[in-house]
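User: I'd like to talk through this chain with you, one question at a time. Could you keep it informal and show how you get to each answer?

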Amino acid sequence: DRLRSRGLGDVYKRQEEMLDFVGSDGHDMGKRTPHLGKAYEKVAKMMGEDYADMIFISNPECILNNERF
């Protein structure tokens, strides 16, 4: 199933958990606003909240803290 989130590109549902984290190409809050909340909701609905938390919150925090995930 294919999802489209404005400003985020395409998100594809996978049978296997293949993403490490999610990013945005949003550049400012006026013209290219990131819509990560909408993307999170769609991923959580399709793949579960635990997986959404991992790729939107836990893994990015590891990157910022120079930790393995």
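User: Let's start with Phe 21: does it count as buried, partly exposed or exposed?

Analyst: Keep in mind that this is a predicted model. Buried would need under 20% relative accessible area and exposed over 50%. Phe 21 comes out at 46% relative accessibility, so it counts as partly exposed.

User: Where is Phe 21 found, and which residues does it touch once those up to four places away in sequence are not counted?

Analyst: Phe 21 belongs to the loop between strand 2 (9-12) and helix 1. Setting aside residues up to four places away in sequence, its touching partners are Ile 55, Pro 60 and Ile 63.

User: How far apart in space are Phe 21 and Pro 60, C-alpha to C-alpha?

Analyst: In sequence, 39 residues separate Phe 21 and Pro 60. Pro 60 is also on the list of residues that Phe 21 touches. From C-alpha to C-alpha, the spacing of Phe 21 and Pro 60 is 6.2 Å.

User: Which residues make the nonpolar surface patch of about 310 Å²?

Analyst: Phe 21 is one of them, and at 46% relative accessibility it is partly exposed. Ile 63 sits in helix 2 and, at 42% relative accessibility, is partly exposed too. Phe 69 lies in the segment after helix 2, and its 48% relative accessibility makes it partly exposed. So the patch of about 310 Å² is made by Phe 21, Ile 63 and Phe 69.

User: What does Phe 69 contact, leaving aside neighbours within four places in sequence, and how far is it from Ser 58 in space, C-alpha to C-alpha?

Analyst: With neighbours within four places in sequence left aside, Phe 69 is in contact with Asp 20, Asn 59, Cys 62 and Ile 63. Ser 58 is 11 residues from Phe 69 in sequence, and their C-alpha to C-alpha distance is 8.1 Å.

User: Staying in the segment after helix 2, which residue has a positive phi although it is not a glycine?

Analyst: Its phi is about 55°. It counts as exposed because its relative accessibility is 74%, and it has its place in the segment after helix 2. The residue is Asn 66.

User: Now the inside: which helix gives the most to the largest nonpolar core?

Analyst: That core has seven residues: Ala 39, Val 43, Ala 44, Tyr 51, Ala 52, Ile 55 and Phe 56. Helix 1 (36-47) and helix 2 (49-64) each put in at least two. With four residues, the top contributor is helix 2.

User: Which residues does Ala 52 contact, leaving aside neighbours within four places in sequence?

Analyst: Ala 52 is one of the core residues, as are two of its partners, Val 43 and Ala 44. With those close sequence neighbours left out, the contacts of Ala 52 are Tyr 40, Val 43, Ala 44 and Ile 57.

User: How many aromatic pairs are there, and what geometry does Tyr 40 with Phe 56 have?

Analyst: The count is one aromatic pair. Tyr 40 and Phe 56 have 5.4 Å centre to centre and 75° between the planes. Planes over 60 degrees apart count as edge-to-face, so the geometry of this pair is edge-to-face.

User: Which elements does that pair link, and does Phe 56 count as buried or exposed?

Analyst: Tyr 40 in helix 1 and Phe 56 in helix 2 are 16 residues apart, so the pair links distant parts of the chain. Phe 56 has 16% relative accessibility, which means it counts as buried.

User: Stepping back, in what order do the elements run, and what percentage of the residues count as buried?

Analyst: The chain has two helices and two strands. From the N terminus on, the order is β-β-α-α. Of its 69 residues, the share that counts as buried is 19%.

Methods:
Residues numbered from 1 in each chain as written. Predicted model: local features only at pLDDT ≥ 70, side-chain atom pairs only at ≥ 80, totals over all residues. Heavy atoms only, no water. Core = buried A, V, L, I, M, F, W, Y, C linked by side-chain atoms within 4.5 Å. Buried < 20%, exposed > 50% of the residue type's maximum accessible area, 1.4 Å probe, protein only. Contact = heavy atoms within 4.5 Å. Patch = residues over 30% accessible without salt bridge, like charges linked within 9 Å, V, L, I, M, F, W, Y side chains within 5 Å. Areas by Shrake-Rupley, 256 points an atom, 1.4 Å probe, with all protein chains shown as cover. Salt bridge = Lys/Arg side-chain N within 4 Å of Asp/Glu carboxyl O. Phe/Tyr/Trp six-rings, centres within 6.5 Å; stacked < 30°, edge-to-face > 60°.
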